[in-house]
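Dear colleague,

I am passing on the structure we spoke about, placed just below, and after it you will find my notes on what turned up. Please read them with the model open beside you.

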Amino acid sequence: MTTLTDRPNTALLVIDVQNGVVAEAHDRDGVVANINTLVGKARADGVPVVWIQHADDELERGSEPWQWVPELDRDAAEPLVHKSYGDAFEDTTLEAVLAERGVGWLVVTGAVTDGCIRATIHGAFVRGYDVTLVSDAHTTQDFREYGAPAPDQVIAHTNLYWQFQSAPGRQAVSAGTADVAFTAVAG
C-alpha cells in the first residue's frame, strides 16, 4: 500500500475536463460519461472528488474554453485545485487537499493522456501514492502531426505500461470504469 503513513483513504481526481481541452478529444463523449459514472460512485461511497483545472496563456482563466464541460457537475463543496503545469502537484494545493483528507490512493481520470494525466500519475507515484489510472476515463487529442501515435494508441499504451509500474510499497493499477469499486480500492 501507499508509503504515505496514516493515509488509508482514496480520492477521485478529475483532471482538466474543460471545454477547450477536450473539444477535439478522442471518444470525448464516452470518456465524459465514464467520468460522470465514477463521480457518482465516489459520491455514493463518500470518497472525495477533487477537481483539477488548468490555466495558461492558451487556456485563460474565466474563459469559455477554461470552463468545465457542461456534462460534469462539480459540487461546490468538492475541492478545486487550479494548476498551470502538467503535474497537478506542481505549485498547487493538491498535496494539502489530499493530506487533509487522509488520501494515499488516487483514482485518476481526465485529459490529456500524454500530458497532464501522464505527468500527474507519475508525480503522484513518486510522491508515495498508490495510483489507479481508469483506462476508459482519460483521453487525448490527435497529435499525429507532431509525430505522436493515433490517440487510441496513446491511450492504450499508457494503460498498458501503467499497470507494470512498480516501486517499494506502492501500487500502479489500470482498471476500467466498471471495475472501479471505491470501497475496495484502498483496503
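**Salt bridges around Arg28**

Arg28 and Asp29 form a salt bridge, with 2.8 Å between the closest N and O atoms; the term is used here for a side-chain nitrogen of Lys or Arg within 4 Å of a carboxyl oxygen of Asp or Glu. Before going further, please note that this is a predicted model, in which local features need pLDDT of at least 70 and side-chain atom pairs count only at pLDDT 80 or more, while totals for chains, interfaces and linings use all residues. Residues are numbered from 1 along each chain as its sequence is written, and side-chain values use heavy atoms, with hydrogens and water left out.

Arg28 also forms a salt bridge with Glu71, where the closest N and O atoms are 2.7 Å apart. Because Arg28 lies in helix H2 (residues 28-44) and Glu71 in the loop between E2 and E3, this pair ties together parts that are 43 residues apart in sequence; helices (H or I, at least four residues) and strands (E, at least two) are DSSP runs, numbered from the N terminus. Arg28, Asp29 and Glu71 are thus linked in a network of salt bridges.

The three residues can also be described by their accessibility, where buried means under 20% relative accessible area, exposed over 50%, and partly exposed in between (1.4 Å probe, protein chains only). Arg28 counts as buried, at 17%, whereas Asp29 is exposed at 55% and Glu71 is partly exposed at 36%.

A search of the whole structure finds nine salt bridges. Another one of them joins the side chains of Glu100 and Arg101, at 3.4 Å from N to O; Glu100 is exposed, with a relative accessible area of 64%, and Arg101 is partly exposed, with 27%.

**A patch of negative charge**

On the surface, Asp56, Asp57, Glu58 and Glu60 gather in a patch of negative charge. Such patches are made of residues with over 30% relative accessible area and no salt bridge, like charges being joined within 9 Å, and Asp and Glu count as negative. Asp57 sits in the loop between strand E2 (49-54) and strand E3 (80-83), and Asp57 is exposed, with a relative accessible area of 75%.

**Backbone features**

Two residues that are not glycines have a positive phi: Asp6, at about 60°, and Asp16, at about 55°. Asp6 belongs to the segment before strand E1 (9-15) and counts as exposed at 73% relative accessibility, while Asp16 is found in the loop between E1 and helix H1 (19-22) and counts as buried at 2%. The peptide bond from Ala111 to Val112 is cis, with omega near -5°, and Val112 is found in the loop between strand E4 (103-111) and H4.

**Helix H4**

Helix H4 covers residues 113-126, and at 1.5 Å a residue its 14 residues should span 20 Å, which agrees with the 18 Å between its end C-alpha atoms; the expected span is 1.5 Å times one less than the number of residues. Within H4, the residues Thr113, Cys116, Ile117, Thr120, Ile121, Gly123, Ala124 and Phe125 are buried. An α-helix has 3.6 residues a turn, so residues three or four places apart point the same way. Just after H4, Gly128 takes a positive phi of about 105°.

With best wishes

Conventions. Patches are made of residues with over 30% relative accessible area and no salt bridge: like charges are joined within 9 Å, nonpolar side chains (Val, Leu, Ile, Met, Phe, Trp, Tyr) within 5 Å. Accessible areas come from the Shrake-Rupley method with a 1.4 Å probe; for residues, only the protein chains shown count as cover. The place of a charge is taken as NZ of Lys, CZ of Arg, CG of Asp or CD of Glu.
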